[in-house]
Amino acid sequence: MRSVFTALTAIGLMIGAAAAANAEPITIKFSHVVADTTPKGVGALHFKACAEEKLGDKVNVEVYPNSQLFNDDNVLEAMLLGDVQLAAPSLSKFNKYTKKLDIFDLPFLFNDLEAAEKFQKSEAGQALLSSMEDKGIKGLGYLHNGMKQLSANKPLRVPADAAGLKFRIQSSDVLAAQFEALGAVPVKKPFSEVFMLLQTNAIDGAENPWSNIFTQKFFEVQKYITESNHGLLDYLLVTSAEFWNGLPDDIRPVLDDCIAESTKAANDSALSIAMEQRQKIIDSGSSEVLQLTPEEKAQWREAMKPVWAKFQDNIGADLIEAAQAANN
Ligand code: SIN
């Protein structure tokens, strides 16, 4: 009897092993809207390489850049429906799910990318990763793009220069308030339409980090770029909590490691990518890059500052204070 039991157990184990060996790979679709050569594009490809190297044919990571699969207006819904497993929309695009992330859109909140990173790594910044778990969205980490610059077909040196102009913005009420504070007209449009809108003069200007201005060729259709560094464009790498928590125990920790490795690689290279692409824009001669004097910069800061008070209650004064502390 005992030997029959042993034999059956052995057969069971063999069947289990065979089934595991034949198991379909877990497909992870990573959809984003920018080019492979941006920090986010680099991070996505790094994640794919890491996951496939460490997990072999247990996973199959498919990266879809340049809005090929979804744009940022529908990617989160698609993720919750299971049509895509990873996305990294800009921090400006989560306001349907949480108002807390609006903090990252406050103009002149961070002096530079280093301060943004310091806040993101702080306890307060890390707590924001789980601010949408009740909606089924799990934050896996922050990804940098960079500080935003203003562009238009006329030189923007002081806030009054922007009055009356139409600026494309991301789907953020904070960014709308920022341009309204300048007497300008904010126009919410998907990223994939920005080049065409600028080219056809349907809008006058935009705000983007260097890497997006370069890779999307916005500099070819904007005569002037003001190096304003007035805001941040970073991303939240997200997944569906149901998907991630349901991953097998031998897979999830490996993917967590790959997330940590790839976000670090992307973030470490973000500033150098931005500076390299900024230089290429200058060298192209297509667009003139304008520097602000400290007095001019102070005028932009002053003009945009009322936006803070408007959103302070939604975001929380304590959180704003914690973010500001990262500048020191
Ligand atoms: C992105 O960098 O992913 C797009 C940001 C935008 O919509 O401007």
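**Exercise 1. The second largest cavity**

What volume does the second largest cavity have? Find out which residues line this cavity and how they divide by class.

*Solution.* Keep in mind that this is a predicted model.

Step 1. Start with the volume: the second largest cavity has about 50 Å³.

Step 2. Next, collect its lining. Phe30, Lys40, Gly43, Ala44 and Phe47 are among the residues that line this cavity, and so are Leu143, Leu237, Ile259, Ser262 and Thr263.

Step 3. Now look for the elements behind these residues. Both α2 (39-55) and α10 supply at least two of them each. The largest share belongs to α2, with 4 residues.

Step 4. Finally, sort the lining by class: 6 residues are nonpolar, 3 are polar and 1 is charged.

**Exercise 2. The largest cavity**

How many cavities of 30 Å³ or more does the structure hold? Describe the largest cavity by its volume and its lining.

*Solution.*

Step 1. The structure holds 3 cavities of 30 Å³ or more.

Step 2. The volume of the largest cavity is about 70 Å³.

Step 3. Its lining consists of 13 residues, and Lys93, Phe191, Asn212, Leu233 and Tyr235 are the ones that lie nearest its centre.

Step 4. Sorted by class, the lining of the largest cavity has 5 nonpolar, 4 polar and 4 charged residues.

**Exercise 3. The largest pocket**

Which residues lie nearest the centre of the largest pocket, and which element gives the largest share of its lining?

*Solution.*

Step 1. The largest pocket has a volume of about 260 Å³.

Step 2. Its lining has 14 residues; nearest the centre lie Lys121, Gln126, Tyr142, Thr263 and Asn267.

Step 3. Three names are worth finding in the structure: α4 (113-121), β4 (137-152) and α10 (252-284) each supply at least two lining residues. With 6 residues, α10 provides the largest share.

Step 4. The classes are 5 nonpolar, 5 polar and 4 charged residues.

Step 5. Here is a nice link to Exercise 1: Thr263 is one of the residues that line the second largest cavity, and Thr263 is also among those nearest the centre of the largest pocket.

**Exercise 4. Following strand β5**

Which strands are joined to β5 by bridges? Trace the partners of phenylalanine 167.

*Solution.*

Step 1. Strand β5 (residues 166-169) runs parallel to strand β6 (residues 185-188), and 4 bridges join them. On the way from β5 to β6 the chain passes through helix α6 (residues 173-180), and this β-α-β crossover is right-handed.

Step 2. Strand β7 (residues 205-209) is also parallel to β5, and 2 bridges join this pair.

Step 3. Now zoom in on phenylalanine 167. Its bridge partner in β6 is proline 186, while its bridge partner in β7 is glycine 205.

Step 4. Isoleucine 169 has lysine 188 as its bridge partner in β6.

**Exercise 5. Backbone angles and confidence**

Is the phi of serine 67 positive or negative? Do the same for lysine 217, then check where the confidence is low.

*Solution.*

Step 1. Recall the general rule: most residues other than glycine have a negative phi.

Step 2. Serine 67 has a positive phi, near 55°. You can find serine 67 in the loop between β2 (59-64) and α3 (75-80).

Step 3. Lysine 217 also has a positive phi, near 60°, and lies in the loop between α8 (210-215) and β8 (224-226).

Step 4. For confidence, the mean pLDDT of the protein chain is 94, and 93% of its residues reach 70 or more. Over residues 11-20, however, the pLDDT is below 50, and this stretch has 0 contacts in the model beyond near neighbours in sequence. Where pLDDT is low, the predicted coordinates should not be read in detail.

Note on methods: Residues are numbered from 1 along each chain as its sequence is written. This is a predicted model: local features need pLDDT of at least 70, side-chain atom pairs count only at pLDDT 80 or more; totals for chains, interfaces and linings use all residues. Side-chain values use heavy atoms; hydrogens and water are left out. Two strands pair if DSSP finds at least two bridges between them. A crossover is right-handed if, with the strands pointing away from the viewer, the path from the first strand over the helix to the second runs clockwise. pLDDT is the predictor's confidence in each residue, from 0 to 100. Contact means heavy atoms within 4.5 Å. On a 1 Å grid over the protein atoms alone, a cavity is a set of points where a 1.4 Å probe fits but cannot get out, and a pocket is an open set with protein on both sides within 12 Å along at least five of seven lines; lining residues have an atom within 4 Å of a point. Grid points are joined across faces, edges and corners, and a volume is the space filled by probe spheres set on the points. Ala, Val, Leu, Ile, Met, Phe, Trp, Tyr, Cys and Pro count as nonpolar, Asp, Glu, Lys and Arg as charged, and the others, Gly among them, as polar.
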